[in-house]
Amino acid sequence: MKIPPISILSHTSESYANAISHKLGKGFQHAKLVYQEWFRRGNISGLNPAFKNAQALLQNILSLTDFSFLPISQNLTDGQTGKFLIKTIDDLDIESVLIPMQAGGTLCISSQIGCQMGCAFCETGRMGLLRNLTTQEILSQLFIAKFRLHFSVRNIVFMGMGEPFDNYDTVMHAFRILTDSHGFGLGNNRITISTSGCLEGIYRLLQETTPLPNLAVSLNAPNDELRNKLMPINKKYPLKELYQAIYDFCKQTSKQVLIAYVLIKEQNDSIEHAKQLTNFLSGLNVKINLIPYNPQSRDRFQSPEQSTLENFTSYLREKGFYTLLRQTKGQKIMAACGQLGNLELKRKKPFILPILKQ
């Protein structure tokens, strides 16, 4: 039986070098050099001086390594914002968004295909959950953005399709690869994981012994009654418990938590809602990201008027909260917040091959 090659996009530098040296009986340091060049250049030149007299070893390492990544099926732009889709081996699509910034760009990546959270204002939630992504599929998104689309990535946000904490082990393994000093080498403070309010994930994160990513919480309602309607997860983890989890995260990490709040016309956008929101967030080290609702394929909601958005924002700022009102980008290509996902995929019944079980 042929032994499958080692997927470089599924390993940290340490585990990759260990796997190579275990198979060859040597080559640990040389494997690390291959790993570093692949993640820094996007290819292997063979010109590293360390391989001048070790070409046979280099070829053996390369023969044992799977350097493949998923193909791009679509590449779309709306102004400076981009969205690309990559095709999985079971014929599903992973969506990622490129957001240019003044000092390097932000890449919004997915952790699942679909999502089981069922948030009423989210296209991905309407898909339901098809499956989790593998480490290789998560990392392919960054590799493609950086080396095939030549996008300068400064920040990574797990705010694409899926609830990252529903795929906790894989997401955290991907985080360790993203921050590997011999690999992509991103700082932990350049990576943000967003959750709809999965308390187990927040508390598991606090048990990690390595430097932690930033945390974002998608809140979207200032009281339990409304949040139950917009976000079914609130029935399992009501606001009182979510508040405590955010408080514990802030206290133990000294990090500021990003609160995402999608403003929906005549649903959660009144000054009374703003008052309730400031009351709920009192005592927490947070900054607030206000996001006007973005139209979807089958709309039941609308975005508030500009004056409503500005009044809501002004109220929060007057109460002392650092608040950003997001400018909508990427609507035309369904790349804005809440727009990711293809409802037609619900008709598919994906089969899970053994290679997908990582």
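A residue is called buried when its relative accessible area is under 20%, exposed when it is over 50%, and partly exposed in between (1.4 Å probe, protein chains only). The structure above is a predicted model, in which local features need pLDDT of at least 70, side-chain atom pairs count only at pLDDT 80 or more, and totals for chains, interfaces and linings use all residues. Residues are numbered from 1 along each chain as its sequence is written, and side-chain values use heavy atoms, with hydrogens and water left out.

**Exercise 1. Determine how many residues of strand β5 are buried, and describe its two faces.**

Solution.
Step 1. Strands (E, at least two residues) and helices (H or I, at least four) are DSSP runs, numbered from the N terminus.
Step 2. Strand β5 spans residues 93-99, and seven of its seven residues are buried.
Step 3. One side of β5 carries D93, E95, V97 and I99, while the other carries I94, S96 and L98; both faces are covered.

**Exercise 2. State the order of the strands in the open sheet and identify its edge strands.**

Solution.
Step 1. Two strands pair if DSSP finds at least two bridges between them.
Step 2. The open sheet has 10 strands in the order β3-β4-β5-β6-β9-β10-β11-β12-β13-β14, with mixed pairing.
Step 3. Pairing on one side only marks β3 (72-78) and β14 (323-325) as the edge strands.
Step 4. From one strand to the next, the twist averages 20°.
Step 5. Helix α6 (residues 168-178) packs on this sheet and touches β9 (153-158) and β10 (191-195), where contact means heavy atoms within 4.5 Å. The direction of α6 makes about 165° with that of β10; axes are lines fitted to C-alpha atoms, for helices over the stretch in contact, and angles run from 0 to 180 degrees between N-to-C directions.

**Exercise 3. Follow the chain from β3 to β6 and describe each pairing and hairpin.**

Solution.
Step 1. Strands β3 and β4 (residues 81-87) run antiparallel and are joined by six bridges. N75 has F84 as its bridge partner in β4, and T77 has G82. Two residues lie between the strands of this hairpin, where G79 takes a positive phi near 65°.
Step 2. Six bridges also pair β4 with β5 in the antiparallel sense, and I86 is partnered by I94 of β5. This hairpin has five residues between its strands, and D91 takes a positive phi near 65°.
Step 3. Strand β6 (residues 105-108) pairs with β5 in the antiparallel sense over three bridges; L107 of β6 is the bridge partner of L98. The hairpin of β5 and β6 has five residues between the strands, and G104 takes a positive phi near 80°.

**Exercise 4. Find the salt-bridge partners of K87 and of K265.**

Solution.
Step 1. A salt bridge is a side-chain nitrogen of Lys or Arg within 4 Å of a carboxyl oxygen of Asp or Glu. The whole structure contains 10 salt bridges.
Step 2. K87 meets D91 at 3.7 Å, N to O. K87 also forms a salt bridge with D93, the closest N and O atoms being 2.9 Å apart.
Step 3. K87 is partly exposed, at 24%, as is D91, at 42%. D93 counts as buried because its relative accessibility is 9%.
Step 4. K265 and E305 form a salt bridge at 3.6 Å, N to O. This pair links distant parts of the chain, 40 residues apart: K265 lies in the loop between β12 (257-263) and α10 (271-281), and E305 in the loop between β13 (286-292) and α11 (306-318).
Step 5. Through shared partners, salt bridges join K87, D91 and D93 into one network.
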